[in-house]
Every structure is written in structure tokens, then in C-alpha cells.
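Subject: The model you asked about

Hi,

Here is the structure we talked about, handed over for you to open and turn around. My notes come right after it.

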Amino acid sequence: MTTTTTSGAATTTTTTTTTTGMREEFVRVTTEAIEQDERVALVIAAISADRFTSALARHPDRVVDVGIREQAMVGVAAGLALTGHRAVVHTYVPFLIERPYEQVKLDFGHQGVHPVLVSIGASYDEPSTGRTHQAPADVALVDALPGYTIHVPGHAAEVEPLLRAALASDEPVYLRLSQRQNSAPMPATGGLVPVRHGSLGVVVAVGPVLDQVLAATEGLDVAVLYTATARPFDAAGLRAAVDSAAPNVVVVEPYLRDTSAGVVAAALRDLPHRQLGLGVRRDAEVHAYGTVEEHDAVHGLDPAGIREAVRGFLGA
């Protein structure tokens, strides 16, 4: 946004940059899709209702707010999917994945219809809301269901291409949105994108942890790869990176630590290698509210914690 101020003979022009959040991009793209495609339906459970007021009023047959009834939200969305709609289901992550997990598994998967699940809140985006609004195990839970593509964008500009591709398909998709984002967008190719070259090992940054990873590995002789798509995992991209560096792999994920340990092992099953997973700790639940940065430090996801873990792993 550019603002021009005139005072006497002097004119001052000030340019400020307004950063759009992932949630805002989701609302914009979904609203457009609802208007343009009669197949698209949206079911919410109170959350973001204030952002979809026009869509709720214009399309009550396809845009439904069930109130704080998350299991019903999934059931209604599955019913819309069974009638041929591309159902988008949206709320905070623990109320989208953990609370109605059985409904997601049965109402969608068992019935052979597939949703676009879109969460906000991430692992601990809003510490002040407490543990009820935190769900760092969400990706691991969705990964236990067959066939899901799981997107973890690291910047708001990555949301639109991922969401539009999801709406155009008929496959199950989980889009995990975060309040935090990297300083710049990266290509949302679905694969691993080389960001930095190195020879001592490969560090994979998933979604909004890229800035922390780059700060943590500054000056270290390691390759850094980025992806906004956690599943399917780009096994070929990892193999190519390991072919150019020592077979030491570190995966930094903004959710439960070692969630991707299995897919890394599968990608390198015929190659002797070492791997380290960094993410939200499995051995401790943080009871204090604190700040996002303080939670990062507890889990070793701040630049200092990542750097210490990578250096220790590599023996640097």
C-alpha cells in the first residue's frame, strides 16, 4: 500500500507492505470457488463464519455452519460429498482432526468419498488458548488414513495453487494452515525444492520452519531442501539430494517429531544412512501458555535449538 502525504511544498510518499495470512487466502480462494463452481461446498463449525457471511447467505444449500458440533460438521460434509459435491471442511486443527477422527475415517474414507480438510491453529499457533487448541499429532493421524495428500504451506502465496489443485481433484486432501509463515514464498511443486547446497548432509524443512532452518544452518556445509507437501513424500528428490551429499538426513517438521521417519527410511531403504527428526517433542506436554517463540525453544525448533541438534548429529 502506498500513501502520499502533502504538507506545504513537501510531498512524502511512504510504502508499506501488508502481509496476507494463510487463512485470508483460504477464505478468498474458497469464496471464489463457491461462486464459480456449483460442485464446491463448504461446511464449518462456527470458526470463520464471520469471514464467509456472503457465501452463507448466497448459497445456503452448499455453505453450512453447524455451530460447535464438529462430528456433525464432518457428517454433513460427507453427505454433501455423497451427492457429488467437493466438500471443504474447516475449523481449528484439534476440532477437525482429533475430535471427529472416527467420522473422518468412516463417513468419508469408508464411504469412498473424499474431502478437502482445511485446518487453522497448527501445533501451537495460539498458545494463549491452551492445550485444547493444540494438535501437533494431526499430520501423523491423517497420514494413518489411506491416500491423503497433506499440504503444509510455508507462506500465504503457496496456499492458492495448493488449494485450487485440491478443489479440482477428487482425492482426499489435508491443507494445514499456520499463522506463521516464512519471509518469502517457495515453489509449491509437491516435491523437494533445493534451497542450499552442501556436502555433510541434507536438511529437509517442511512448510513454515524454513526460515528457522536457514538461520540455524548458516555457515554449515549442509544441503537444505524445502517442501510444502508432506505427503506424498518426494522420495526421488531425497535420493537425488543424498546422492550429492553424505547420507545424513535431518527432517524439521512443525508438528510431531519423527512423523516422517518412516517415509525417509522407505525412500532410502537400500542405502545405508542416518536420520534425525526434529519437531514437537513427544516426551513432554507444555502446560504453560507462554509465547510461540517460547514453545519453539522448548521443542528445539528455534534456530539455536535446530543448529545445536544438527551440529551434534553431524559431529560438527
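Below is what I found in it, going from the sheets to the helices and then to single residues.

First, some housekeeping: this is a predicted model, where local features need pLDDT of at least 70 and side-chain atom pairs count only at pLDDT 80 or more, while totals for chains, interfaces and linings use all residues. Residues are numbered from 1 along each chain as its sequence is written, and side-chain values use heavy atoms, leaving out hydrogens and water.

**The sheets**

One open sheet has 7 strands in the order β4-β3-β5-β6-β8-β7-β12, with mixed pairing. (Helices, H or I of at least four residues, and strands, E of at least two, are DSSP runs numbered from the N terminus; two strands pair if DSSP finds at least two bridges between them.) Its edge strands are β4 (63-65) and β12 (229-231), each pairing on one side only. From one strand to the next, the twist averages 20°. Strand β7 (residues 149-151) pairs with β12 in the antiparallel sense over 2 bridges, and Ile150 stands opposite Arg231 in β12.

The other open sheet I want to point out has 5 strands, ordered β9-β11-β10-β13-β14, again with mixed pairing. At its edges stand β9 (193-196) and β14 (274-280), each with a single partner strand, so one side of each has no neighbour in the sheet. Neighbouring strands here are turned by 25° against each other on average, direction ignored. β9 and strand β11 (residues 223-227) pair in the antiparallel sense over 3 bridges, with Arg196 opposite Val224 in β11. Helix α9 (residues 235-243) packs on this sheet, touching β10 (202-206), β11 and β13, and its direction makes about 150° with that of β10. (Axes are lines fitted to C-alpha atoms, for helices over the stretch in contact, and angles run from 0 to 180 degrees between N-to-C directions; contact means heavy atoms within 4.5 Å.)

**Helix α1 and its surroundings**

α1 lies across β3, β4, β5 (86-92) and β6 (116-120), running at about 135° to β3. The axes of α1 and helix α7 (residues 159-168) come within 10 Å and cross at roughly 35°. Among the residues making that contact are Phe26, Val29 and Ala33 of α1, and Leu163 and Leu167 of α7.

What partner does Phe26 have in an aromatic pair? Phe26 and Phe52 form an edge-to-face pair, 5.9 Å centre to centre with 75° between the planes. (Rings of Phe, Tyr and Trp, its six-membered ring, pair if their centres lie within 6.5 Å; planes under 30 degrees apart count as stacked, over 60 as edge-to-face and the rest as tilted.) Phe26 lies in helix α1 (residues 22-36) and Phe52 in the loop between β3 (40-44) and α2 (53-58), so the pair ties together parts that are 26 residues apart in sequence. Phe26 is buried at 0% relative accessible area, and Phe52 is buried too, at 1%. (Buried means under 20% relative accessible area, exposed over 50%, partly exposed in between, with a 1.4 Å probe and protein chains only.)

**Two more residues**

Gln212 sits in helix α8 (residues 210-216) and is buried at 13%. Leaving aside neighbours within four places in sequence, Gln212 is in contact with Arg180, Asp296, Leu301, Pro303 and Ile306.

Leu256, in strand β13 (residues 248-256), is buried at 14%. The C-alpha atoms of Leu256 and Leu278 are separated by 8.3 Å, with their positions 22 residues apart along the chain.

Cheers
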